[in-house]
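This report goes through one protein model by its sheets, its helix contacts and a few single residues. The sequence and the structure come before the description.

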Amino acid sequence: MKNYNTDKIEAFKQEHKNRARLLISCPDQPGIVAAISQFLSGYQANIIESNQYSTDPHGGEFFTRIVFELDDLSNKAEQLEADFQQVKDQFQMEVSFQYVNQIKKMAIFVSKEPHCLLELLWEWQSGDLVADISMVISNHETSREFVERLGIPFYYIPANKDVRKQVEEQQIKLLKEHDIDVIVLARYMQILTPTFVGTFNQQIINIHHSFLPAFIGAKPYERAYHRGVKLIGATSHYVTNDLDEGPIIEQDISRVDHRDNAAAMKKIGQSVERSVLARAVKWHLEDRILVYGNKTIVF
């Protein structure tokens with residue numbers, strides 16, 4: 001079956017064939033921006049967006065995201081990166097060139113509750129989330145029908161703590177076969193092992209149904225209700241081996257009061273979860289995030 005979004009993706013790739021994003025982090029010092037600009041100018045590249053941030057202008061860390069266009073980019077990219085090595089070495093940079101027409105391949109993991117998955121699929125159908133959704137993996141059959149209706153492969157892989165090793169071996173094999181760039185846990189209610197997380201470092205985005213660091217772990221809405229909170233929220237973060245403590249990408253909240261029981265809080269919270277996860281995933285796909293220790297810089 002033809003993927004629902006094939007034509008839209010091909011049109012996007014053609015429109016952005018000469019556009020790239022340059023992500024840089026390095027020790028802050030004078031001359032960084034000038035050196036980058038002069039380098040790109042030498043190639044007759046046109047800078048169309050530039051953002052930068054320094055943790056401290058006196059010995060801190062410098063971050064920048066630059067979007068540029070360059071005619072015939074596909075044939076110049078290899079030489080461009082090779083020539084930039086001199087600038088990279090001069091300023092001790094960590095550098096990533098991301099080419100906008102190289103659409104990231106995404107896998108979505110989901111369990112029973114489909115609300116976050118549905119939000120991502122809606123954003124994808126509307127053209128606001130530009131990705132190749134290569135597969136949906138679930139330990140429940142709940143979402144199969146509406147996933148396959150869009151031409152997206154659906155893999156049902158039952159999972160629990162007793163078969164976790166075998167399940168992850170199967171999942172890793174699938175993800176590597178399809179060259180997956182980013183994994184989104186859209187309310188996938190299984191704990192990932194260090195082996196899985198280490199295989200896809202800074203490639204796994206999770207949504208936690210709580211305003212972290214509050215109520216880490218299971219049943220946060222019930223715990224929030226018993227605590228009598230007045231605000232509930234959701235947090236999207238990169239997954240690390242420290243449960244729910246990876247670098248935070250995005251958060252949001254909604255107000256509740258004494259009339260809201262745990263079920264009402266959950267309903268309100270699910271709306272927050274959907275929007276928070278969608279924003280985080282878009283920012284990742286658009287190369288807007290640089291990880292700094294256990295924090296993120298989001299341009």
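The text below covers the two open sheets, a separate hairpin, two helix contacts and some backbone details of this predicted model.

**The four-stranded sheet**

Four strands make up an open sheet with antiparallel pairing, and their order is S2-S3-S1-S4. The edge positions are taken by strand S2 (46–54) and strand S4 (94–99); each has a single partner strand, so one side of each is left without a neighbour in the sheet. From one strand to the next, the twist averages 10°.

Within this sheet, S2 and strand S3 (residues 61–69) run antiparallel and are joined by eight bridges. Glu-49 stands opposite Val-67 in S3, and Ser-50 stands opposite Ile-66 in S3. In a regular strand, side chains alternate between the two faces of the sheet. S2 and S3 form a hairpin with six residues between them. In its turn, Gly-59 has a positive phi of about 95°.

**Helix H2 on the sheet and against H3**

Helix H2 lies across strand S1 (19–27), S2 and S3, and runs at about 20° to S3. H2 also packs against another helix, H3, with contacts between the residues of the two. Two packed helices are described by the angle between their axes and the distance between the axes. For H2 (residues 32–42) and H3 (residues 73–91), the axes come within 11 Å and cross at roughly 165°. The two helices are therefore roughly antiparallel to each other. The crossing of H2 past H3 is right-handed.

On the H2 side, the contact is made by Ile-32, Ala-35, Ile-36 and Phe-39; on the H3 side, they meet Leu-80, Asp-83, Phe-84, Val-87 and Phe-91. Of the residues in this contact, eight are nonpolar, none is polar and one is charged.

**The seven-stranded sheet**

A second open sheet has seven strands in the order S7-S6-S5-S8-S9-S10-S11, and its pairing is mixed. Strand S7 (154–156) and strand S11 (248–255) are at the edges, each with a single partner strand, so one side of each is left without a neighbour in the sheet. The twist here averages 15° from one strand to the next.

One pair in this sheet is parallel: strand S5 (residues 105–110) and strand S6 (residues 132–138), over six bridges. Met-106 stands opposite Ile-133 in S6.

**Helices H8 and H9**

The axes of helix H8 (residues 220–227) and H9 come within 9 Å and cross at roughly 125°. That angle makes H8 oblique to H9. H8 passes H9 in a right-handed crossing.

From H8, Tyr-221, Glu-222, Ala-224 and Tyr-225 take part in the contact, meeting Ala-262, Met-265, Lys-266, Gly-269, Gln-270 and Glu-273 in H9. The contact residues divide into five nonpolar, two polar and three charged.

Ser-275 is located in helix H9 (residues 262–285). With a relative accessibility of 25%, Ser-275 counts as partly exposed. Ser-275 and Ala-159 are separated by 116 residues in sequence and by 27 Å in space, C-alpha to C-alpha.

**The S12–S13 hairpin**

Strand S12 (residues 289–292) and strand S13 (residues 295–298) pair in the antiparallel sense over four bridges. Ile-289 has Val-298 in S13 as its bridge partner. The two strands form a hairpin with two residues between them, and Gly-293 in the turn has a positive phi of about 65°.

**Positive phi outside glycine**

Most residues other than glycine have a negative phi. Which places hold Gln-44 and Asp-287? Gln-44 is in the loop between H2 and S2, and Asp-287 is in the loop between H9 and S12. The phi of Gln-44 is near 60°, a positive value in a residue that is not glycine. Asp-287, also not a glycine, has a positive phi of about 55°. As for the solvent, Gln-44 counts as exposed, whereas Asp-287 counts as buried.

| Residue | Phi | Relative accessibility |
|---|---|---|
| Gln-44 | near 60° | 72%, exposed |
| Asp-287 | about 55° | 7%, buried |

Key. Residues are numbered from 1 along each chain as its sequence is written. This is a predicted model: local features need pLDDT of at least 70, side-chain atom pairs count only at pLDDT 80 or more; totals for chains, interfaces and linings use all residues. Side-chain values use heavy atoms; hydrogens and water are left out. Axes are lines fitted to C-alpha atoms, for helices over the stretch in contact, and angles run from 0 to 180 degrees between N-to-C directions. Angles under 35 degrees count as roughly parallel, over 145 as roughly antiparallel, 65 to 115 as roughly perpendicular and the rest as oblique. A crossing is left-handed if the near helix is turned anticlockwise from the far one by less than a right angle, and right-handed if clockwise. Contact means heavy atoms within 4.5 Å. Ala, Val, Leu, Ile, Met, Phe, Trp, Tyr, Cys and Pro count as nonpolar, Asp, Glu, Lys and Arg as charged, and the others, Gly among them, as polar. Two strands pair if DSSP finds at least two bridges between them. Buried means under 20% relative accessible area, exposed over 50%, partly exposed in between (1.4 Å probe, protein chains only).
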